[in-house]
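Here's a quick briefing to read alongside the model. Take a look at the structure first, then work through the notes by topic.

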Number of protein chains: 2
Amino acid sequence: MTALTHKQLWETIADALRDEILDGHLAAGSRLVETELAERFGVSRGPVRDALAELAREGLAVDLPRRGTFVSSLTEADLDEVYVIRRAIEEAAVRLAVERASEADLEGLRGALLEVEAAYARGDLATAWEADMSFHRAYCRLSGNGRLLALFDEMASQTVLLMRTALATRASLGWTPPVEYHRRIADAIAARDADGAAAAVGDHYRYTEDRLFASEPSG
Amino acid sequence: MTALTHKQLWETIADALRDEILDGHLAAGSRLVETELAERFGVSRGPVRDALAELAREGLAVDLPRRGTFVSSLTEADLDEVYVIRRAIEEAAVRLAVERASEADLEGLRGALLEVEAAYARGDLATAWEADMSFHRAYCRLSGNGRLLALFDEMASQTVLLMRTALATRASLGWTPPVEYHRRIADAIAARDADGAAAAVGDHYRYTEDRLFASEPSG
DNA sequence: GCGATGCTAACTGTTGACAATCGAGCATGT
DNA sequence: ACATGCTCGATTGTCAACAGTTAGCATCGC
């Protein structure tokens, strides 16, 4: 807690609180008192205030006016909501990407795809997840729609957020990398096949949601 | 500027600034100095700070760390971006609405539709616009996806925001109410026809975007 | 004359204190 | 015993001042 070069102070506070909430150290419904937190972090209430606002924006906390801020509980339904939105915006994204992507863009997309496959192949789940997200982000960027990309980023962070809750165990159980879907998406974009790309994205998410929600991993 | 019962102080400040920006009194690129604004509104820098953060979230201003806040310029491209996203999430919304809507829900949807048509019929553009938005919001609510609804609300406010800029004149020129599309959407949902509903939403937005962007309103 | 360096002014990020507001608990009246 | 009103404590919303940083400019050296 010493250096803190430039990375907005309240951002680091938000990170710390986010970790505590997701790790279960702060139970759902707990009160987040500005004064307490300010003292605990050794700062004033200003940055704490901003951090709480950020958490509220992310859905991790809820702010009752004149009452205080409380940590909200996240369930599987939340993750389902996020996936529905991701599917919708990514289908739109690939349709635009098909029209706008240059050859260099397509090359970059293939590169991202290879990274995902390589990471999965050598069993490096951590980087595989990151590369996975980067791949999705890549074609969202190719859409040329800044707001769409920002939206994806928001939903992506929500995804990793929700994955870190109780769902984490369950999600990691029956997980099989959706690499083939990724390849289908990339190929369809390269072939300038909008419908095919959108369908591939749809199949990707149907597959993922089935893995996560449909059946209990009781075997 | 006296009463201000409870409606968050910074919200009224944000409203005032938003108006000034959209009315052109604050040119794009202008600096929004916290101290100045605080003095102008007769408050401290705290609420002003929150108001500027809100404007930044809305995309009306951009915040450079340690530099200040500047009003950003909005173009037709922004409105196009918003419509792309609205179409994507509303297509997803109607698909969900088809599965979840009760008979009472469908009745409410038809009611909203009638309000839109009535307002358009008697030439009351102002309420027609509001009713129009309410209709769209209605089926987004029926999706049962809270995040999706929140997203729609955000995009809806962005729409009215962008409509108030220079686009306002242009938009109001060649405008023809897309009532038939509304009816198609409502009917498809009532018929539990997911593909039809999504297609209707798609056609609606294709029509709207054509009206707005495709051709200059040069007669 | 031109580039680098140090200064200055302005603005943001942060701080600790003050005031307004809300909920809980208690006293009081019925 | 129950409802009602009041007071008190706790907590947020707000404020004015301080410190750190950045951009712009003048000065100095080459």
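In this predicted model, strand S1 (residues 31–32) of chain A and strand S3 (residues 68–71) of chain A run antiparallel, with 2 bridges joining them. The notes below move from that pairing to the two DNA strands, and then to the contact between the chains.

A word on conventions: residues are numbered from 1 along each chain as its sequence is written, while chains are lettered from A and ligands numbered from 1 in the order in which they are written. Because this is a prediction, local features need pLDDT of at least 70, side-chain atom pairs count only at pLDDT 80 or more, and totals for chains, interfaces and linings use all residues, with side-chain values taken from heavy atoms and with hydrogens and water left out.

**Strands in chain A**

- Strands here are DSSP runs of E with at least two residues, helices are runs of H or I with at least four, and both are numbered from the N terminus; two strands pair if DSSP finds at least two bridges between them.
- On the S1 side, Arg31(A) has Phe70(A) in S3(A) as its bridge partner.
- S3(A) also pairs with strand S2 (residues 61–64) of chain A, again antiparallel, through 4 bridges.
- In that pairing, Gly68(A) of S3(A) sits opposite Leu64(A).
- The hairpin of S2(A) and S3(A) has 3 residues between the strands, and Arg66(A) takes a positive phi near 65° there.

**Around DNA strand C**

- There are 17 residues around DNA strand C, and Leu9(A), Ser44(A), Arg45(B), Arg49(B) and Arg66(B) come nearest; a residue counts as near if one of its heavy atoms lies within 4 Å.
- Sugar or phosphate makes up 64% of the atoms of DNA strand C within 4 Å of the protein, and bases make up the rest.
- For polar contacts, the rule is a pair of N or O atoms within 3.5 Å; within protein, one must be able to donate a hydrogen and the other to accept it, and residues adjacent in sequence count only if both atoms are side-chain atoms.
- An N or O atom in the side chain of Arg49(B) is 2.9 Å from a phosphate oxygen of DNA strand C.
- Glu34(B) uses a polar backbone atom instead, 3.5 Å from a phosphate oxygen of the strand.
- Arg66(B) has a polar side-chain atom 3.2 Å from a sugar or linking oxygen of DNA strand C.
- Helix H3 (45–58) of chain A, plus helix H2 (34–41) and helix H3 (45–58) of chain B, are the elements giving two or more residues to this surface.
- H3(A) gives the most, with 3 residues.

**Around DNA strand D**

- DNA strand D is surrounded by 16 residues, and the closest are Arg45(A), Arg49(A), Leu9(B), Ser44(B) and Arg67(B).
- Of the atoms of DNA strand D that come within 4 Å of the protein, 63% are sugar and phosphate.
- Arg45(A) goes to a base: an N or O atom in its side chain is 2.8 Å from a base nitrogen of DNA strand D.
- Arg49(A) has a side-chain N or O atom 2.8 Å from a phosphate oxygen of the strand.
- For Ser44(B), a polar backbone atom is 2.9 Å from a phosphate oxygen of DNA strand D.

**Between chains A and B**

- On each side, 22 residues are in contact with the other chain, contact being heavy atoms within 4.5 Å.
- About 1800 Å² is buried between the chains, with carbon and sulfur atoms giving 54%; buried area is the accessible area (1.4 Å probe) that two parts lose on being put together, summed over both.
- Glu81(A), Ile85(A) and Arg147(A) supply 34% of the area chain A buries against chain B, more than any other three residues.
- The two chains share 4 salt bridges, each a side-chain nitrogen of Lys or Arg within 4 Å of a carboxyl oxygen of Asp or Glu.
- Arg147(A) forms a salt bridge with Asp78(B), with the closest N and O atoms 2.7 Å apart.

**Within chain A**

- Arg18(A) and Glu58(A) form a salt bridge, with their closest N and O atoms 2.5 Å apart.
- Arg18(A) lies in helix H1 (residues 9–22) of chain A and Glu58(A) in helix H3 of chain A, so the pair ties together parts 40 residues apart in sequence.
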